[in-house]
Amino acid sequence: LKTASVSPHEEVCRVAGVKLYGIRRNSLLGRLGVRNGDMLRTMYGFDMTSTDSALEAYSSLRNANKLTLAMKRQNKEMTIDYNIE
């Protein structure tokens with residue numbers, strides 16, 4: 001996530017995920033369909049509400065063959081699945 005700015009996002013007084021900004025269309029995240037302002041709730045099944053869980057998710061990506069992102073975009077929940085080759 002070096003190509004994006006990430007900040008915790010709170011809903012009802014608790015962290016609900018992380019907001020992503022600074023995503024360029026030609027970056028990896030942009031090509032995957034992630035947009036500025038998307039809130040990432042889970043990545044690879046790991047909750048993005050804690051630093052420990054986010055770091056664990058990032059570490060797990062090295063051996064992953066599939067990636068699932070659960071996000072909220074413009075108040076709509078969505079899930080995006082990617083196959084990693």
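Lys19 has its place in strand E2. The model is a predicted one. Lys19 is buried, yet it has no salt bridge. Glu11 carries the nearest side chain of opposite charge, and that side chain is 7.1 Å away. A salt bridge would need a side-chain nitrogen of Lys or Arg within 4 Å of a carboxyl oxygen of Asp or Glu. The side chain of Lys19 does reach a backbone atom: the oxygen of Gly37, at 3.4 Å. Beyond its neighbours within four places in sequence, Lys19 is in contact with Ser5, Val6, Ser7 and His9 on the one hand, and with Gly37, Asp38 and Met39 on the other.

**Tyr21 and the rest of E2**

Strand E2 covers residues 14-21, and Tyr21 belongs to it. Is Tyr21 buried, partly exposed or exposed? Its relative accessibility is 38%, so Tyr21 counts as partly exposed. Its contacts, leaving aside neighbours within four places in sequence, are Ala4, Ser5, Ser7, Asn36 and Gly37. Gly37 is also in contact with Lys19. Met39 lies 18 residues from Tyr21 in sequence, and the two C-alpha atoms are 9.5 Å apart.

**Strand E3 and its partners**

E2 and E3 run antiparallel and are joined by 2 bridges. Here Val18 stands opposite Leu40 in E3. How much of E3 is buried? The count is 4 of its 5 residues, so E3 is largely enclosed by the rest of the structure.

E3 also pairs with E5, in the antiparallel sense, over 4 bridges. In this pairing Met39 stands opposite Lys72 in E5. A further antiparallel link, of 2 bridges, joins E3 to strand E4, residues 46-47. Met43 has Phe46 in E4 as its bridge partner. E3 and E4 form a hairpin with 2 residues between them. Tyr44 sits in that turn and has a positive phi of about 60 degrees.

E5 and E6 make a hairpin too, again with 2 residues between the strands. Gln74 in the turn has a positive phi of about 50 degrees. The two strands pair in the antiparallel sense over 8 bridges. Ala70 stands opposite Thr79 in E6.

The strand pairings are set out below.

| Strand pair | Sense | Bridges |
|---|---|---|
| E2 and E3 | antiparallel | 2 bridges |
| E3 and E4 | antiparallel | 2 bridges |
| E3 and E5 | antiparallel | 4 bridges |
| E5 and E6 | antiparallel | 8 bridges |

**The nonpolar core**

The largest nonpolar core has 16 residues. Which of them have the most contacts inside it? They are Val34, Leu40, Met43, Met48 and Leu69. The elements giving two or more residues to this core are E2, E3 (39-43), E5 (66-73) and E6 (76-83). E5 gives the most, with 3 residues.

Leu40 is the residue that Val18 stands opposite. Met43 is the one with Phe46 as its bridge partner. Met48 touches both of these E3 residues: its contacts beyond four places in sequence include Leu40 and Met43. Arg41 and Thr42 are also on its list. Gly17 and Val18 are further contacts of Met48. So are Ser53, Ala54 and Ala57.

**Ser53 in helix H2**

Ser53 is found in helix H2, residues 51-60. Ser53 is buried, with a relative accessible area of 14%. Leaving aside neighbours within four places in sequence, Ser53 is in contact with Phe46, Asp47 and Met48. Phe46 is the bridge partner of Met43, and Met48 is among the core residues with the most contacts.

**Arg73 at E5**

Arg73 is found in strand E5. Is Arg73 buried or exposed? Its relative accessible area is 14%, and it is buried because that value falls under 20%. Which side chain does the side chain of Arg73 meet in a polar contact? The partner is Asp38, at 2.8 Å. Asp38 is also in contact with Lys19.

Not counting residues up to four places away in sequence, Arg73 touches Gly33, Val34, Arg35, Asp38 and Met78. Val34 is one of the core residues with the most contacts. Thr42 is 31 residues from Arg73 along the chain, and their C-alpha atoms are separated by 13 Å.

Definitions and conventions
Residues are numbered from 1 along each chain as its sequence is written. This is a predicted model: local features need pLDDT of at least 70, side-chain atom pairs count only at pLDDT 80 or more; totals for chains, interfaces and linings use all residues. Side-chain values use heavy atoms; hydrogens and water are left out. Buried means under 20% relative accessible area, exposed over 50%, partly exposed in between (1.4 Å probe, protein chains only). Contact means heavy atoms within 4.5 Å. A nonpolar core is a set of buried Ala, Val, Leu, Ile, Met, Phe, Trp, Tyr and Cys residues joined through side-chain atoms within 4.5 Å. Two strands pair if DSSP finds at least two bridges between them. Lys and Arg count as positive and Asp and Glu as negative; His and the chain ends are not counted. A polar contact is a pair of N or O atoms within 3.5 Å; within protein, one must be able to donate a hydrogen and the other to accept it, and residues adjacent in sequence count only if both atoms are side-chain atoms.
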